[in-house]
Amino acid sequence: MRKLIIEARVNEYMMREQGNPNVPYLPEEIARDAVACRDAGAAVLHFHARQADGSPDHAAESYADTVRRIRAASDILVHPTLGYVTLDQGPEARIAHILEMAKDPAGAPHFAPMDMGSVNVDRYNAQARRFETTELVYRNSTGTLTHFSDAIRGAGLKPYLVSWTIGFTRYVGAFMDMGLLEEPGYLCFCLTDNTFLGGHPGTLRGLQAHLDFLPPDRRIEWTVVNFGGNLFSLAAPIIAAGGHISIGLGDYTYHELGQTGVMPTNVDIIRRVAEIARELGREVATPDEARQILNIKN
Ligand code: ZN
């Protein structure tokens, strides 16, 4: 079985006030986590640029600064978000910062994300039985995705494909059929627990439904996120089935890993995943090995 690729999803837009003070915000904090997570077994780092108070930082320079700091300090593969501009802008504007970064070898990311469809992303409050917003759509039209696939390939980056539901995965198959995506594809199943209802639940059945609809006869390496929930309940079956793991404080506080009064860090989470892999007899990939598995060129 191929080695396990562990991705550290260090922050998303998780706020420290939501329960874990160890979420990194600033470029130097993200870079520090990158180095430590790499040492603990992570081959990929995913981040969102944040300001000192935790609010989103939309400046392209902050993304470039963060990637440069990470690459100067570590060989970990870098996966920044595409969420830097507002979604009501066109596809060219949404991906501009990634293409700009790709021109500078010291600051180039390795991946550029492509969520292969559109989905409602309003937060649902189950206790209050209401949606906190009602008009938030993560919109990725077919035309936008076509533009992204051309631009990402042109820049020499690896598309980080994201599937929220089976329909997204069918798009991956169609884009491979059209020659717009190369094999092996790297496909992330984004399970969503608790807050967002647009993905499959973070359960074995939620994951299995995804796996049942992987395009046949295509080389696809798949990884799993549980956005809003604890992915450890699925870690062993994912590792045993040959999947990869994408996990971190961006998705969930992981308070279950902490001790009294001490919340876990991203490093604690990555270390635990690596331990589970070793217990199951599966080796953990270094960044270089992940690069070979996924055929990453830069
Ligand atoms: Zn993200």
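This is a short dialogue on how to read features of the predicted model shown above.

Trainee: Before we start, what should I keep in mind about this model?

Mentor: It is a predicted model, in which local features need pLDDT of at least 70 and side-chain atom pairs count only at pLDDT 80 or more, while totals for chains, interfaces and linings use all residues. Residues are numbered from 1 along each chain as its sequence is written, and side-chain values use heavy atoms, with hydrogens and water left out.

Trainee: Let's begin with the fold. How many helices and strands does the chain have?

Mentor: Helices (H or I, at least four residues) and strands (E, at least two) are DSSP runs, numbered from the N terminus. Here the chain has 9 helices and 12 strands. Its radius of gyration is 18 Å, close to the 19 Å of the globule rule for 298 residues, so the chain is as compact as a globular protein of that length. That radius is taken over C-alpha atoms, and the globule rule is 2.2 Å times the number of residues to the power 0.38. Along the principal axes, the C-alpha trace spans about 55 × 45 × 40 Å.

Trainee: What share of the residues counts as buried?

Mentor: Buried means under 20% relative accessible area, exposed over 50%, and partly exposed in between (1.4 Å probe, protein chains only). In this chain, 54% of the 298 residues count as buried.

Trainee: And how do I read the contacts?

Mentor: A contact means heavy atoms within 4.5 Å. Among contacts between residues at least 6 apart in sequence, 70% join residues at least 24 apart. Thr81 makes a good local example. You will find Thr81 in the loop between strand S3 (77-80) and helix H3 (91-102), and at 9% relative accessibility it is buried. Beyond its neighbours within four places in sequence, Thr81 touches His46, Phe47, His48, Tyr63, His97, Ile98 and Pro113.

Trainee: Now to the charged side chains. How many salt bridges are there?

Mentor: A salt bridge is a side-chain nitrogen of Lys or Arg within 4 Å of a carboxyl oxygen of Asp or Glu. By that rule the count is 20.

Trainee: Which parts of the chain does the pair Glu221 and Arg2 tie together?

Mentor: Glu221 and Arg2 form a salt bridge at 2.4 Å, N to O. Glu221 lies in strand S11 (residues 220-227) and Arg2 in the segment before strand S1 (6-9), so the pair ties together parts 219 residues apart in sequence. The two ends also sit in contrasting surroundings: Glu221 is buried at 6% relative accessible area, whereas Arg2 is partly exposed at 48%.

Trainee: Where do Glu275 and Arg272 lie?

Mentor: Both belong to helix H8 (residues 266-279), 3 residues apart, about one turn of the helix. Their side chains meet in a salt bridge of 2.8 Å, N to O. Glu275 is partly exposed at 32% relative accessibility, and Arg272 is partly exposed at 27%. Elsewhere, salt bridges with shared partners join Lys3, Glu283 and Glu289 into one network.

Trainee: Is there another pair I can look up?

Mentor: Try Glu61 and Arg68, whose closest N and O atoms are 2.8 Å apart in a salt bridge. Arg68 is partly exposed, with 33% relative accessibility.

Trainee: What about the backbone? Which residues does a cis peptide bond join?

Mentor: The bond joins Glu183 and Pro184, with omega about -5°. Pro184 is in the loop between helix H5 (166-177) and strand S10 (185-192).

Trainee: Glu12 has a positive phi; buried or exposed?

Mentor: Glu12, a residue other than glycine, has phi near 45°. Glu12 is buried, at 8% relative accessible area, and is placed in the loop between S1 and helix H1 (27-40).

Trainee: Where is Arg129 found?

Mentor: Arg129 is in the loop between strand S6 (124-125) and strand S7 (130-131). Arg129 also has a positive phi, about 55°, although it is not a glycine. With a relative accessible area of 71%, Arg129 is exposed.
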